[in-house]
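This report sets out the metal sites, cores and pockets of one protein structure. Please consult the sequence and the coordinates shown below while reading.

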Amino acid sequence: MTLAIYRNPFTFLEAPWYRDLPDADVVISGIPFDLATSGRAGARSGPGAIRQASGNLVWDSPRWPWDFELGERLKIADAGDIDFPYGEPQLATDAIQAFARNLLDAGKTMLSFGGDHYVTLPLLREHARKHGPLALLHFDAHTDTYHDGTTFDHGCMFHHAMNEGLLLPGHSVQVGIRTTYTYAGHPFTVLDASWVNEMPARKVIERIREIIADQPVYLTFDIDCLDPAFAPGTGTPVAGGLTSDRATQIIRGLKGLDIRGMDVVEVAPAYDHAEITSLAAATLALEML
Ligand code: MN
Ligand code: MN
């Protein structure tokens with residue numbers, strides 16, 4: 001008998017919940033931090049919304065159009081949300097890094113749910129400490145490389161990450177960009193939203209694979225990469241983005257890349273309608289797995 005998907009507590013895909021080191025390959029964690037937002041706050045509630053929406057995805061097994069059961073290939077556990085004191089972004093940063101270090105040192109792969117996009121910076125630090133500099137595969141409406149911003153800023157992390165030597169700029173690519181970024185020395189390849197929307201998904205996938213080649217990758221998905229029609233529940237929406245179908249096809253097409261860590265960020269349920277955004281985020285996260 002299938003259990004009701006609306007019962008509490010929610011974990012991602014009904015994965016077992018744990019607080020100590022789990023017997024799992026991939027560990028889900030939520031990072032309810034949104035003190036670095038420039039626009040509308042609210043992404044602190046993203047992890048719970050994504051978990052709850054994932055209840056809609058567990059009955060389709062094996063998932064269409066996969067020809068295998070996820071559970072046969074990967075053991076997944078949900079660690080719940082990372083604890084940190086409110087109003088202290090540096091202490092939150094330290095807590096995220098300590099949490100990630102513990103998991104990565106134990107050989108786990110992380111799939112993290114933001115939170116605003118700033119949380120990717122402490123995650124990247126620990127992933128680069130473990131694996132060395134990484135190719136960044138970044139889905140977003142914004143490049144988040146603005147170098148006139150502040151320390152705790154969801155628009156500047158990849159500027160800081162470059163300065164800290166965490167990334168391989170020649171193998172890094174940003175997908176879905178549709179805000180201004182042009183300044184001399186922008187370090188990453190940009191596949192902007194109008195190009196991505198013109199091309200067949202397989203062309204986009206080919207181009208991403210060409211750029212990344214065989215380098216180790218950190219995959220970060222800011223949900224505002226999707227058009228606001230597909231992801232209204234986010235802090236800084238920008239019209240003209242990807243459909244959830246296109247994004248799903250692209251993520252599915254990344255099979256075989258050497259992905260070392262993943263996150264989905266910027267889901268802000270207070271601006272969502274009918275769980276459109278959290279369902280899209282949960283679906284993309286499932287495809288990443
Ligand atoms: Mn964005
Ligand atoms: Mn972003």
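Is G42 buried or exposed? In this predicted model, G42 has a relative accessibility of 17% and therefore counts as buried, the cut-off being under 20%.

## Surroundings of G42

G42 belongs to the loop between β1 and α1 (46–54). Apart from neighbours within four places in sequence, G42 makes contact with D34, V267, A268 and P269. Its C-alpha atom and that of P228 are separated by 16 Å, with the two positions 186 residues apart along the chain given as their distance apart.

## The two manganese ions

The manganese ion (ligand 1) is coordinated by D140 (OD), H142 (ND1), D222 (OD), D224 (OD) and D224 (OD), at 2.1 to 2.5 Å. Along the sequence, these donor residues follow the spacing D-x1-H-x79-D-x1-D. Two of the donor residues can be described by their accessibility: D140 is buried at 0%, and H142 is buried at 13%.

For the manganese ion (ligand 2), the donors are H117 (ND1), D140 (OD), D144 (OD) and D222 (OD), at 2.1 to 2.2 Å. Their spacing along the chain is H-x22-D-x3-D-x77-D. A distance of 3.3 Å separates the manganese ion (ligand 2) from the manganese ion (ligand 1), and D140 coordinates both. D144 is located in the loop between β4 (135–139) and α5 (157–163), whereas D222 is in strand β7 (residues 217–222), so this pair ties together parts that are 78 residues apart in sequence. Both D144 and D222 are buried.

## Nonpolar cores

In soluble globular proteins, nonpolar side chains tend to be buried together. Here the largest nonpolar core has 51 residues, and those with the most contacts inside it are F12, L111, L137, F139, I208 and F221. Helix α9 supplies the largest share of this core, seven residues. A second, separate core has 33 residues, including L121, L123, L166 and Y218.

L111 illustrates the packing within the largest core. Leaving aside neighbours within four places in sequence, L111 is in contact with F12, V26, V27, I28, S29, M262, D263, A285, M288 and L289. One of these contacts, S29, is found in strand β1 (residues 26–31) and is buried, with a relative accessible area of 0%. Beyond residues up to four places away in sequence, S29 touches R51, A79, G80, F99, M110, L111, S112 and F113.

## Helices α8 and α9

Which residues of α8 are buried? They are R246, A247, T248, I250 and I251. The elements that cover them include β4, α6 (193–198), α7 (201–212), β7 and α9.

L284 gives a residue-level view of the contact between α8 and α9. This residue lies in helix α9 and is buried, with a relative accessible area of 1%. Leaving aside neighbours within four places in sequence, L284 is in contact with F221, I223, L226, A247, T248 and I251; among these, A247, T248 and I251 are buried residues of α8. The C-alpha atoms of L284 and T109 are separated by 17 Å, and the two residues are 175 residues apart along the chain.

## Pockets

How many residues line the largest pocket, and which of them lie nearest its centre? The lining has 22 residues, with K255, G256, E287, M288 and L289 nearest the centre. The elements that each give two or more residues to this lining are α2 (70–73), α8 (244–252), β8 (259–265) and α9 (276–288). About 580 Å³ of space lies in this pocket. By class, its lining has 14 nonpolar, two polar and six charged residues.

The second largest pocket holds about 280 Å³ of space. It is lined by 18 residues, of which L13, L70, G71, I76 and L286 lie nearest its centre. By class, this lining has 12 nonpolar, two polar and four charged residues.

Technical notes: Residues numbered from 1 in each chain as written. Chains lettered and ligands numbered in written order. Predicted model: local features only at pLDDT ≥ 70, side-chain atom pairs only at ≥ 80, totals over all residues. Heavy atoms only, no water. 1 Å grid on protein atoms, 1.4 Å probe; cavity = no way out; pocket = protein on both sides within 12 Å on 5 of 7 lines; lining within 4 Å. Points joined across faces, edges and corners; volume = space filled by probe spheres on them. Helix = DSSP H or I, 4+ residues; strand = E, 2+ residues; numbered from the N terminus. Nonpolar A, V, L, I, M, F, W, Y, C, P; charged D, E, K, R; others polar. Donors = N, O, S within 2.8 Å, 3.2 Å for Na, K, Ca; no water. Buried < 20%, exposed > 50% of the residue type's maximum accessible area, 1.4 Å probe, protein only. Contact = heavy atoms within 4.5 Å. Core = buried A, V, L, I, M, F, W, Y, C linked by side-chain atoms within 4.5 Å.
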